[in-house]
Amino acid sequence: MPSPGSDGADNGAGPAPGEARAGVVSNPRRGLDHLLSRLRDITGDAHVVTDPGAMAGFLIDWTGRHRGQADAVVRPRTTGEVSRVVVECAGVDAEICVQGGNTGLVGGSVPPAHAGSRPRILISTVRMTDIDDVDVIGRCVGAQAGATVEAIDARAGTAGLAFGVDLASRHSATAGGVVSTNAGGIRMIRRGNTRAQVLGIEAVLADGRILRRWTPLVKDNVGYDLPGLLTGSEGTLAVVTRVLFRLVVPPRKAIVAVAAINRVADAVELIGAAPSRGLTVEAAELMTEAGIALVAAHGHRRPTATPGPYYALLEVSGTGDVESATVELLQATGGLIDAVLEPAPARALWGAREAHTESIARSSATPVVKLDISVPIRALAEVFDELGAVGEGGDSPCRPVLFGHVGDGNIHVNLLDVPPENADGFTDRVFGIVTAHGGSIAAEHGIGRAKAAWTHLGRDATDLATMRAIKAALDPRGRLNPGVLFA
């Protein structure tokens, strides 16, 4: 397996602890011109972008709700270059924000909206796209932070394996991004979240030192699980530059079914009954008629001939006659209205689910308020009803569209046509429903900047203080992704 140190000679251990901070200037912004000159020496002139027009796309997120400011966008190529960039930033006490595919939905992939007293550099991993050869025996592969989920899965496929993380944004979501947010995705019910796929990690600490925990061993119990800690840290503890991912064996035979159903409980019943028929649930999604209607209005085919209030999408695998077993499963469901089956990958059926995000964005008069939450599965039906009523009444009604990963209680709440000044009020209402049912305000997209003011709903004072202590230990100057996770 290629070593993570194959970046070149500049991929060294970085400065000793405290070395970079020793040169911090008294007036940080006065050192900006010198900083930009040094960064050009490291990455090349073309990869230090300061033109406002050229930077614009890096400073707004996918939703359009979050815009930031930065003095430059820097595009390093190797871990060694990232280390040197971080050292130079530490020398003038510059803030560092990190961005992969910029497909995040909580504002964590763009800098703060207002300029601060310190220089601010956005590190983009767009050039860091290398993927190693697959270790077929160890079932793992190393990838740079800018490699996309789609590219990693394609590399795994050359060895008859698959990447355990899958997202609708697979063509643009990156290794560093899914690790930083601990993304879940459509295969979580079968494979677990991103943390479950991470065997090793390479990252640059706030002072420029390179941390490497890189081993294909499935049993390695020496000390703290640092890769697990950095997974989900949203760029606040280190800059992730390379990841060693576990790979999985894809099912030999799978069927995708979309069923129009009467109740949320019918979808839960389908998932629970699948194992008794020899079926393994690879993915389980739930959609509403409101979402399917939007998708159809934007040119995608309806998944079933007869509509229903809800739609369950199941991808199941097995060793016997998977199609017949799936038909029997559907026929035994009391709330079934209509259903259609296709052999996996069944992109057209999946298209109805994966077109939701874009169709919703195109249908709203204002930037969509997107809230990724989870609740106990036993509460799903009640929560769907309560969330569906969030937009009713009041001076400023909105249109809720709900969908999500029904097998793990994850609901993507989309509120359309919300005036920006009312976004926080609607967020409060949604989070009130979620916490009342013992749920989480952040299921798989992270906290970012959008939810930082509400973290107390999911973590008590001791928990938050412990997280702040970890942040202070690894980034004492608070330069990495300021404003993310902590309000």
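This passage walks through a predicted model of one protein, taking its confidence, its sheets, a pocket and two backbone details in turn.

The model comes with a mean pLDDT of 91 for the protein, and 94% of the residues reach a score of at least 70. Residues 1-24 are a stretch to read with care, since pLDDT stays under 50 there. For this stretch the model has 60 contacts beyond four places in sequence.

A good place to begin is the sheet of seven strands. This sheet is open, its pairing is antiparallel, and its strands follow the order β13-β10-β12-β11-β15-β16-β14. At the edges are β13, spanning residues 336-343, and β14, spanning 369-374, each of which pairs on one side only. From one strand to the next, the twist averages 15 degrees. The pairing can be followed closely where β13 meets β10, the strand of residues 254-261: seven bridges link the two in the antiparallel sense. Within this pairing, I255 stands opposite P343 in β13.

Two helices can be placed against these strands. Helix α8, made of residues 264-273, lies across β10, β11 (280-288) and β12 (310-317). The direction of α8 runs at about 5 degrees to that of β12. Helix α11, made of residues 347-354, also packs on the sheet, where it touches β10, β11, β12, β13, β15 (399-405) and β16 (410-416). The direction of α11 makes about 50 degrees with that of β11.

The loop between β13 and α11 contains P345. The peptide bond that leads from A344 into P345 is cis, and its omega is near 15 degrees.

Another sheet has four strands. This one is open too, with the order β1-β2-β4-β3 and mixed pairing. Its edges are formed by β1 (48-49) and β3 (95-99); each has a single partner strand, so one side of each is left without a neighbour in the sheet. Strands β2 (residues 72-74) and β4 (residues 120-124) run parallel and are joined by three bridges. Here V73 stands opposite L122 in β4. Helix α3, covering residues 79-91, packs on this sheet and touches β2, β3 and β4. Its direction makes about 170 degrees with that of β4.

Further along the chain, the loop between β4 and β5 (140-144) holds R139. This residue is not a glycine, yet its phi is positive, near 50 degrees.

Attention now turns to open space in the model. Rolling a probe the size of a water molecule over the atoms shows where empty space is left. The second largest pocket has a volume of about 710 Å³. Its lining is made up of 30 residues, and those closest to the centre of the pocket are G232, E234, R459, M467 and L485. Helices α7 (226-230) and α15 (461-474) each supply at least two residues of this lining. The greatest contribution comes from α15, with five residues. By type, the lining of the second largest pocket divides into eleven nonpolar, 13 polar and six charged residues.

Key: Residues are numbered from 1 along each chain as its sequence is written. This is a predicted model: local features need pLDDT of at least 70, side-chain atom pairs count only at pLDDT 80 or more; totals for chains, interfaces and linings use all residues. Side-chain values use heavy atoms; hydrogens and water are left out. pLDDT is the predictor's confidence in each residue, from 0 to 100. Contact means heavy atoms within 4.5 Å. Two strands pair if DSSP finds at least two bridges between them. Axes are lines fitted to C-alpha atoms, for helices over the stretch in contact, and angles run from 0 to 180 degrees between N-to-C directions. On a 1 Å grid over the protein atoms alone, a cavity is a set of points where a 1.4 Å probe fits but cannot get out, and a pocket is an open set with protein on both sides within 12 Å along at least five of seven lines; lining residues have an atom within 4 Å of a point. Grid points are joined across faces, edges and corners, and a volume is the space filled by probe spheres set on the points. Ala, Val, Leu, Ile, Met, Phe, Trp, Tyr, Cys and Pro count as nonpolar, Asp, Glu, Lys and Arg as charged, and the others, Gly among them, as polar.
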